[in-house]
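Visitor: Could you take me through one part of this protein slowly, as you would for someone in their first year? I would like a close look at a single region and how the rest connects to it.

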Amino acid sequence: MYHRTTIVGNLGNDPELRQTQTGISVTSFSVAVNERWNDANGERQEKTTWYRVTCWRGLAETCAKYLTKGRQVLVEGNMQEPTVWVDKSGENRASLELTARSVQFLGSANGASSGGEAVVKPVADTVEEIADDEIPF
């Protein structure tokens with residue numbers, strides 16, 4: 001089977017770089033994807049969906065070095081099963097997690113748009129399985 005998910009959004013926080021016990025680099029950051037439309041009454045509506053993105057090895061190091069909160073990115077990767085829980089107020093919540101295969105840096109380093117130019121930082125086409133005890137979180 002094959003699936004790939006692509007999102008475009010802005011970083012909600014600075015990337016967090018960690019190392020597994022075996023020295024493999026892993027970086028995580030959140031991406032906000034905004035959807036805007038006019039409803040039946042012509043009123044402007046907006047919905048934000050948050051994704052937790054995880055990058056491995058060289059891609060992890062590149063993202064940690066160059067990305068900052070607010071930067072626009074295009075992330076392509078594999079969606080994981082959502083984690084579902086009930087928060088303190090009794091609301092159902094879910095966490096959407098994406099393991100990145102590639103990340104394109106959009107806009108400028110300060111988050112402003114640069115006319116669609118992108119710097120592509122691909123990761124290898126193969127994703128090596130990581131043992132649970134190697135994941136640092």
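Guide: Happy to; here is a walk around strand S4 and its surroundings.

One thing to keep in mind is that this is a predicted model. To get your bearings, the protein chain has one helix and eight strands, and along the sequence they follow the pattern β-β-β-β-α-β-β-β-β. The chain has 137 residues, of which 31% count as buried.

Now find strand S4, residues 44-56. One partner of S4 is strand S3, and the two pair in the antiparallel sense over 13 bridges. As a landmark in this pairing, look for Ser28, which stands opposite Thr54 in S4. S3 and S4 form a hairpin with five residues between them. In that turn sits Gly42, with a positive phi of about 80 degrees.

Stay with Thr54 for a moment, as it leads to another partner. Thr54 also stands opposite Thr99 in S7. Four bridges join S4 to S7, and these two strands run parallel. So much for S4 itself; next come the other neighbours of S3.

Strand S3, residues 25-38, is joined to strand S1 by two bridges, and the two run antiparallel. Here Asn10 stands opposite Ala32 in S3. S1, residues 5-11, is also joined to strand S5, residues 72-79, by six bridges, again antiparallel. In that pairing Ile7 stands opposite Val75 in S5.

A good residue to zoom in on is Ser30, which is placed in strand S3. Is Ser30 buried or exposed? With a relative accessible area of 14%, Ser30 is buried, because buried means under 20%. Its side chain joins that of Asn13 through a polar contact of 2.7 Å. Leaving aside residues up to four places away in sequence, Ser30 touches Asn10, Leu11, Gly12, Asn13, Trp50, Tyr51 and Arg52.

Let us now turn to the nonpolar core. The largest one has 18 residues, and those with the most contacts inside it are Val53, Cys55 and Val103. The elements giving two or more residues to this core are S1, S3, S4, H1, S5 and S7. S7, residues 92-106, gives the most, with four residues. As general background, nonpolar side chains in soluble globular proteins tend to be buried together.

Cys55 is a handy place to see neighbours gather. Not counting residues up to four places away in sequence, Cys55 touches Ser25, Val26, Thr27, Phe29, Ala60, Cys63, Ala100 and Val103.

Two of those names, Ala60 and Cys63, take us to the helix. In H1, the residues Leu59, Ala60 and Cys63 are buried. They cover an arc of only 105 degrees around the axis, so they lie on the same side of H1.

Finally, look at Arg57, which lies in helix H1, residues 57-66. Arg57 has a positive phi of about 55 degrees although it is not a glycine. In general, most residues other than glycine have a negative phi. Arg57 is partly exposed, with a relative accessible area of 29%.

Technical notes: Residues numbered from 1 in each chain as written. Predicted model: local features only at pLDDT ≥ 70, side-chain atom pairs only at ≥ 80, totals over all residues. Heavy atoms only, no water. Pairing = 2+ DSSP bridges. Buried < 20%, exposed > 50% of the residue type's maximum accessible area, 1.4 Å probe, protein only. Polar contact = N/O pair within 3.5 Å; in protein donor to acceptor, adjacent residues only side chain to side chain. Contact = heavy atoms within 4.5 Å. Core = buried A, V, L, I, M, F, W, Y, C linked by side-chain atoms within 4.5 Å. Arc of directions from axis to C-beta.
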